[in-house]
Amino acid sequence: MLLDKLVQLLQDSTYTIVFTGAGMSTESGLPDFRSKDRGLWKKFNPNELANVHALIHNTEEFTNFYRYRLSEITKYKPHEGHLVLADWEKLGKIKGIITQNVDAFHHDAGNSNVMELHGSFRKFHCHSCKKEYERTDYLDGKTACECGGTIRPGIVLFGENLPQDTFEKAEREATQADLFIVLGSSLSVSPANMFPLVAKENGAKLIIINREPTDYDMYADLVIQDKSIKEVLVEADQQLNYG
Ligand code: APR
């Protein structure tokens, strides 16, 4: 039973790192990006929206798109699977979460060691003068800074560098891990998708829990595709705690 093997690997591990993608938040109600039927990039073109060129030359569409994404994120909340990960960190069963997600749901669920590789919608700032703004300002329609610049979310847009200190911390954690669990990512975006192999090359066991196959499944010690992430986490938690 795949779930038994997951629980066994968790129990045998002394330094588990979890790595999450958008599939972690679909059961909260948020769409992911590349799922065949409903990924966000099936409805919107990231090349026309999710980059600095769009922010400068396509400002109205850029702003409408990110106000829409922020309104979606504020409509939903972490699900039971997020709460299980928060419990596991408190109990020392996992040491941290490297996430590509910008919804800050791991932070809201109560995890403390969360490495947000792509930033998050928690903070907003002017793209020109860097003045910080509240996300309520952005939701209320304030999208232009006093300096004339465009207010934007504190997320990493395509073509921008990842936050260096977060990236380096994630590299250290992936190197130290003896168990690395991927939850809900197609592992198709670099450099975030390097971390599963960083862990594997440093001796970690690799688990991939994802509804669709990924290019990294061949390196995994365990792949679970037939259950949703929330189901796996809740059932594993029950087995871990109640034998
Ligand atoms: N349970 C298991 N797997 C799921 C679930 C679920 N409930 N929901 C979705 N998935 C899987 C999908 O099958 C898909 O393979 O999660 C994966 C999500 O992959 P993507 O949509 O590509 O999301 P992600 O890997 O996080 O994208 C990486 O791309 O657009 C950029 O910056 C954005 O951080 C994002 C990055």
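These are my notebook entries on the ligand site and the aromatic residues of this structure.

**Entry 1, the model.** I noted at the outset that I was working with a predicted model, and that the values I read for side chains leave out hydrogens and water.

**Entry 2, where the ligand is.** I looked up the place of the ligand and found that it sits in the largest pocket. I then listed its surroundings, which come to 23 residues, with Ala22, Phe33, Arg34, Ser185 and Ser186 as the closest. Sorting this shell by class, I wrote down 11 polar, 7 nonpolar and 5 charged residues.

**Entry 3, polar contacts of the ligand.** Which side chains bring a polar atom to an oxygen atom of the ligand? I found Arg34, with a polar side-chain atom 2.7 Å from a ligand oxygen, and His118, for which the corresponding distance is 3.0 Å. I also recorded Ser186, where an N or O atom of the side chain lies 2.6 Å from an oxygen atom of the ligand. Turning to area, I read that the ligand taken alone exposes 740 Å², of which the protein buries 96%.

**Entry 4, aromatic rings.** I looked up the aromatic pairs and found 13 of them in the structure. Following the ring pairs from residue to residue, I traced a cluster that links Phe33, Trp41, Phe44, Phe62, Phe65, Tyr66, Tyr68, Phe121, Phe124, Tyr138 and Phe158. Phe33 drew my attention here, since I had met this residue in Entry 2 among the closest to the ligand, and it is also one of the members of the ring cluster.

**Entry 5, a charge over a ring.** Last, I checked Lys131 and found that its charged end sits over the ring of Tyr133, at 4.8 Å from the ring centre.

Note on methods: Residues are numbered from 1 along each chain as its sequence is written. This is a predicted model: local features need pLDDT of at least 70, side-chain atom pairs count only at pLDDT 80 or more; totals for chains, interfaces and linings use all residues. Rings of Phe, Tyr and Trp (its six-membered ring) pair if their centres lie within 6.5 Å; planes under 30 degrees apart count as stacked, over 60 as edge-to-face and the rest as tilted. A charge sits over a ring if NZ of Lys or CZ of Arg is within 6 Å of the ring centre and within 35 degrees of the ring normal. A residue is near a molecule or strand if one of its heavy atoms lies within 4 Å of it. A polar contact is a pair of N or O atoms within 3.5 Å; within protein, one must be able to donate a hydrogen and the other to accept it, and residues adjacent in sequence count only if both atoms are side-chain atoms. Accessible areas come from the Shrake-Rupley method with a 1.4 Å probe; for residues, only the protein chains shown count as cover. On a 1 Å grid over the protein atoms alone, a cavity is a set of points where a 1.4 Å probe fits but cannot get out, and a pocket is an open set with protein on both sides within 12 Å along at least five of seven lines; lining residues have an atom within 4 Å of a point. A molecule sits in a cavity or pocket if more than half of its atoms lie within 2 Å of its grid points. Ala, Val, Leu, Ile, Met, Phe, Trp, Tyr, Cys and Pro count as nonpolar, Asp, Glu, Lys and Arg as charged, and the others, Gly among them, as polar.
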